[in-house]
Amino acid sequence: MSYTKSIAVPLNVGVPFSFVIKARPLGEMTIRVSASIKAVQETYGLEKVIRVMPESLVQRKSQIRLFCFDTFSNKSLTMKLDVDSMADTGSTRIEFRLTPNLLTTVINNLDNLLTVPSASGQHNMLEFVPNIVVLVYLQAIGSNDRQLIDDATNLVRQGYHRQMRYRRADGSYTLWENVNGGVFLTAFVAKSMQTASKYISVDMAKVEKAYDWLASKQHSSGRFEEVGSVFYKDMQGCLRNGSSLTSYVLTALLENENAKLKHAAVIQKAMSYLTSQLESINNPYELSIATYALMLQGHNMKKKSLKKLIEMSTFTKNIEERYWNVPKSIGTTALNLVNFKSQFTLDLKKQNTTSDYELRLRVCASFIPYQVERRSNMALIEVNLPSGFVADRNPISAQSTLYPIQNIEIRYGGTSVLVYYDHMDENQTCFTVTAFQRRKVVLKRPAYVVVYDTINSNWNAIQMYEMDDQDVCESCDAAD
């Protein structure tokens, strides 16, 4: 679809003109503009990519059913579509896939597992590690897919160099730049870098220094306690008693041959603490990590721990498979309950300005305590601006001091502002975002602000807002 206008342009004078454009599909839309001078038959052009967003938040849900038959038979599988009653009319899309062989699907779609490391020290690792797993799997099956191997290797290399931004001089790793290092994150990085060294060049002196820092953080009792921000609370167990954190640090030390020798005394002390806690560990999640640590060291209590773990499991009806019921305070079991309620409050208030072309939006959010969950994991507030508005160079002001903002990102040409917090609790935290209208828009649509837990995205809240109406004629030329 194309439109043409004829205009007269005096010598050495710029003349503005406009076209009214209405986007039909969502996604990226390329606008091409070309200008020609009839007298000399010269043409000049430019392109602009416009990001077309829905008026509300896109939510994706999936259901999986596994089945296997020894003989040919017909079977009906009921899948309930959980579509929110508030969903925009016509926005629902359903995709159905039938996979004859699960392993074939995994192999054919490994490239979909590759992710570009980004955001914080936390998210960099959560996206960096799957790339390592892909390389480990490709090596295990003897894959000859050079393109996939090269892509995964490049992403692992990117993730490694990006993670160095979050390295402290003492050898620890942090959630954000210029904050104190954390025990779990440092152990996580050390374990991952050890594996990554099989595929890329890794400075092993930095890995060794990470293990040295971990060893220095051991409590006199032998346990390890978190000293930095905990981005994923469940790694410390549902009671936050540190048993699983101690087990996790042990696995990191035991998986590295140099650390196992250098910090043998630290390992022995941690083992003594862990074995003294085995009888009181009644959570399968914690016990599985402890059992793995005991197995790595070859401890004489490894069989007892494994036996206790197996006894916690439950057989399926056909007695062919077993599973573990995880307490509702951790893991995905809790998601079935929290899906029905928002875990955040979110309040928006437009502030008065001296111009119709300036937006000042006050954003306040807090976490709603739920059972034993008194606070969120890392929280993210995403402020999407109305069409035509672009964020100021320094868009955030008047922020609360109780929980300081850890990171701010401006995306999509300044049309979206992302604000990161270590966590949120029931205390409200606020900030003001400033934006200015840079483009004329005829059909104005509501924009939205969303806050969500970066680990459990089912914990979220969303609010819509819109600018005051302006006369459509102010946004168009007379010819439009």
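Begin by selecting Phe-367 in this predicted model: its relative accessibility is 1%, so Phe-367 counts as buried, the cut-off being under 20%. Next, select Trp-459, which also counts as buried because its relative accessibility is 4%.

Keep both residues displayed and look at the rings. A ring pair is described by the distance between the centres and the angle between the planes. Phe-367 and Trp-459 form an aromatic pair with 5.5 Å from centre to centre and 55° between the planes, which makes the pair tilted. Now colour by secondary structure. Phe-367 belongs to strand E6 (residues 358-367), while Trp-459 is in the loop between strand E12 (447-453) and strand E13 (460-465). The pair links distant parts of the chain, with the two positions 92 residues apart.

By the same ring criterion, the count for the model is four aromatic pairs. For another of them, select Phe-184 and Tyr-248: this pair is tilted too, at 4.8 Å centre to centre and 45° between the planes. Here helix H4 (residues 183-196) supplies Phe-184 and helix H6 (residues 243-254) supplies Tyr-248. These residues are 64 apart, and the pair again links distant parts of the chain. Both Phe-184 and Tyr-248 are buried.

Add Phe-188 to the selection. Ring pairs join Phe-184, Phe-188 and Tyr-248 into a cluster.

Last, stay on Tyr-248 and show Lys-191. What sits over the ring of Tyr-248? The charged end of Lys-191 does, at 5.2 Å from the ring centre.

Methods
Residues numbered from 1 in each chain as written. Predicted model: local features only at pLDDT ≥ 70, side-chain atom pairs only at ≥ 80, totals over all residues. Heavy atoms only, no water. Phe/Tyr/Trp six-rings, centres within 6.5 Å; stacked < 30°, edge-to-face > 60°. Helix = DSSP H or I, 4+ residues; strand = E, 2+ residues; numbered from the N terminus. Buried < 20%, exposed > 50% of the residue type's maximum accessible area, 1.4 Å probe, protein only. Lys NZ or Arg CZ within 6 Å of the ring centre and 35° of its normal.
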